[in-house]
Amino acid sequence: MHTVLTRGNATVAYSLSVLACLTFCCFVSTVFLDYRTDANINTVRVLVKNVPDYGASREKHDLGFLTFDLETNLTSVFNWNVKQLFIYLTAEYKTPSNQLNQVVLWDKIILRGENAVLDFKNVNTKYYFWDDGNGLRDNKNVSLYLSWNIIPNAGLLPSVKSTGKHVFKFPSEYSSSI
């Protein structure tokens, strides 16, 4: 006859095995879904200043200022396995010294059950748009992308980029006021 500890161990081990199998099945049911959606991004105001960067050196670097509009509907991204979304707006551009520059300008967390329809007008960037040199002034190919990380209940943590992007140009002259 088995002791109480042996029976308890068998019950717990069996329960954990069943839960692990169910969790894996839940993960497989959502891993192949397409989480991309369209995002409309527009710049309202674009300025660039040449200011000293006191954090690293006293050299002057370009600092960009943006005001943007954002419109997207992320309700289709949510399903039973999505706990929350970490949304972020990135700027990508090329300079003579770097092939690819990526800067996160704005972010937001949307929990399940919250309104996932975003319609923002005249939003300022949340973070500084620093360039490590003077690559922003007269840069004609700065692209804004909306991306998000999906935090699931079970499974992988995918990073998804929206299907829409916005390309804009920084002015050729430095702004004297903000």
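In this predicted model, Leu22 is partly exposed, since its relative accessible area is 47%, a value that falls between the limit of under 20% for buried residues and that of over 50% for exposed ones. The residue belongs to helix α1, which covers residues 4-30. Leu22 also takes part in a nonpolar patch on the surface, to which Val12, Tyr14, Leu16, Val18 and Leu19 contribute as well, and the area of this patch is about 600 Å².

With regard to the chain as a whole, the secondary structure consists of one helix and eight strands. When the elements are followed from the N terminus, the helix comes at the start and the strands follow it, in the order α-β-β-β-β-β-β-β-β. Among the contacts in the chain with a separation of 6 or more, 71% link residues that are 24 or more positions apart.

The overall dimensions were computed from the C-alpha atoms, which fill a box of roughly 85 × 35 × 25 Å when the principal axes are used as directions. The radius of gyration of the chain is 23 Å, whereas a compact globule of 178 residues would be expected to have a value near 16 Å.

As for the surface, the chain has an accessible area of about 10800 Å², and carbon and sulfur atoms account for 56% of this area. Of the 178 residues, 38% count as buried, a class to which Leu22, at 47%, does not belong, because buried residues must lie under 20% relative accessible area.

Terms used. Residues numbered from 1 in each chain as written. Predicted model: local features only at pLDDT ≥ 70, side-chain atom pairs only at ≥ 80, totals over all residues. Heavy atoms only, no water. Patch = residues over 30% accessible without salt bridge, like charges linked within 9 Å, V, L, I, M, F, W, Y side chains within 5 Å. Areas by Shrake-Rupley, 256 points an atom, 1.4 Å probe, with all protein chains shown as cover. Salt bridge = Lys/Arg side-chain N within 4 Å of Asp/Glu carboxyl O. Helix = DSSP H or I, 4+ residues; strand = E, 2+ residues; numbered from the N terminus. Buried < 20%, exposed > 50% of the residue type's maximum accessible area, 1.4 Å probe, protein only. Rg over C-alpha atoms; globule rule 2.2 N^0.38 Å. Contact = heavy atoms within 4.5 Å.
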